[in-house]
Amino acid sequence: TSHKSCLVRIDTTTPLVTPSVMNVWRNTDTTVQLVGSDTWSGLKDIEYTVDGGPTLHGSRVTITADSVAHTTDGVHTISVFATDYADNVEPVQTFQIDIDTQAPVTLASKAAVAYAGKTASLKYEVDDQPTSDTKATVTITIRSKTKVVKTLKLGLRPTGSLQTAKFKCLLKKGSYTFAVAATDQAGNVAVAPLGTNKLTVK
């Protein structure tokens with residue numbers, strides 16, 4: 001009596017898609033590589049949608065940045081899942097690519113009065129479109145005529161509302177100007193005219 005044997009391969013493990021870029025702000029066209037992996041039977045297909053649109057197949061998705069009309073500015077949601085040759089299906093995962101092609105605008109609508117040796121407060125605001133880009137890196141430069149006498153590096157601060165920058169005023173009594181510069185999370189830099197106002201030290 002002859003006996004024959006056969007090999008049965010069992011695969012109950014779901015595949016996995018790892019995006020090369022996710023949850024970031026960009027100001028240029030952004031291509032995401034959808035890197036799929038499967039331990040046993042091998043990767044069969046990757047399916048994805050962009051902003052709830054039609055289902056597409058492939059391992060690359062490009063989000064376009066419209067730097068002229070800014071029509072693609074905002075948050076773009078990508079939903080993706082993979083299937084392997086054993087027909088295991090990965091649960092749908094979502095991530096975002098955020099596009100911002102517009103430079104922030106800085107405002108300094110209130111003049112400031114400070115006292116030598118005391119804490120000074122400078123009021124400013126950074127406005128940015130789209131409003132979903134909610135933070136910007138802010139720097140305030142204080143000048144005596146044309147000479148820079150102090151620089152306040154405030155780091156990442158909220159946009160769209162009036163903010164206060166505080167510092168210990170060690171400046172001599174007199175008149176100064178302060179200017180507000182900002183770079184949003186996508187890397188867009190505020191351009192002239194920057195928000196500027198007067199600082200009087202008494």
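I began with H76, which I found in strand 7, the run of residues 74–84. I note here that I am working from a predicted model.

**Entry on H76.** Is H76 buried or exposed? The relative accessibility of H76 comes out at 11%, and because the cut-off for burial is under 20%, H76 counts as buried. I then looked up which partner the side chain of H76 has, and I found a polar contact with the side chain of D51 at 2.8 Å. Setting aside residues up to four places away in sequence, I listed what H76 touches: D51 appears again, together with I63, F95, Q96, I97, D98 and I99. Several of these names led me on to strand 8, which covers residues 93–99.

**Entry on the open sheet.** I traced an open sheet of five strands in the order 2-8-7-4-5, with mixed pairing. Strand 2 (24–26) and strand 5 (56–57) stand at the edges, and since each has a single partner strand, one side of each is left without a neighbour in the sheet. For the pair of strand 2 and strand 8, I counted three bridges, and the two strands run parallel. As a particular case I looked up V24, whose bridge partner in strand 8 is I97; I97 is also one of the residues that H76 touches.

**Entry on the cores.** Which residues touch the most other members of the largest nonpolar core? In this core of 23 residues they are L122, I140, F178 and L199. I checked where the members come from, and at least two residues each are supplied by strand 10 (112–114), strand 11 (119–127), strand 12 (135–144), strand 13 (147–158), strand 14 (163–168), strand 15 (174–184) and strand 16 (195–201). A second core, separate from this one, has 15 residues, among them V21, I63, A65 and F95. Of these, I63 and F95 had already come up as residues touched by H76.

I also followed L122 outward, again without residues up to four places away in sequence, and its list includes I140, F178 and L199, as well as A112, I142, L152 and F167. The same list for L122 also holds Q163, T164 and A165.

**Entry on A108.** I placed A108 in the loop between strand 9 (105–107) and strand 10. With a relative accessible area of 9%, A108 is buried. Beyond its neighbours within four places in sequence, I found A108 in contact with K123, F178, V180, G195, T196 and N197. Finally I compared the positions of A108 and F167, which are 59 residues apart along the chain, and their C-alpha atoms are separated by 16 Å.

Definitions and conventions. Residues numbered from 1 in each chain as written. Predicted model: local features only at pLDDT ≥ 70, side-chain atom pairs only at ≥ 80, totals over all residues. Heavy atoms only, no water. Pairing = 2+ DSSP bridges. Helix = DSSP H or I, 4+ residues; strand = E, 2+ residues; numbered from the N terminus. Core = buried A, V, L, I, M, F, W, Y, C linked by side-chain atoms within 4.5 Å. Buried < 20%, exposed > 50% of the residue type's maximum accessible area, 1.4 Å probe, protein only. Contact = heavy atoms within 4.5 Å. Polar contact = N/O pair within 3.5 Å; in protein donor to acceptor, adjacent residues only side chain to side chain.
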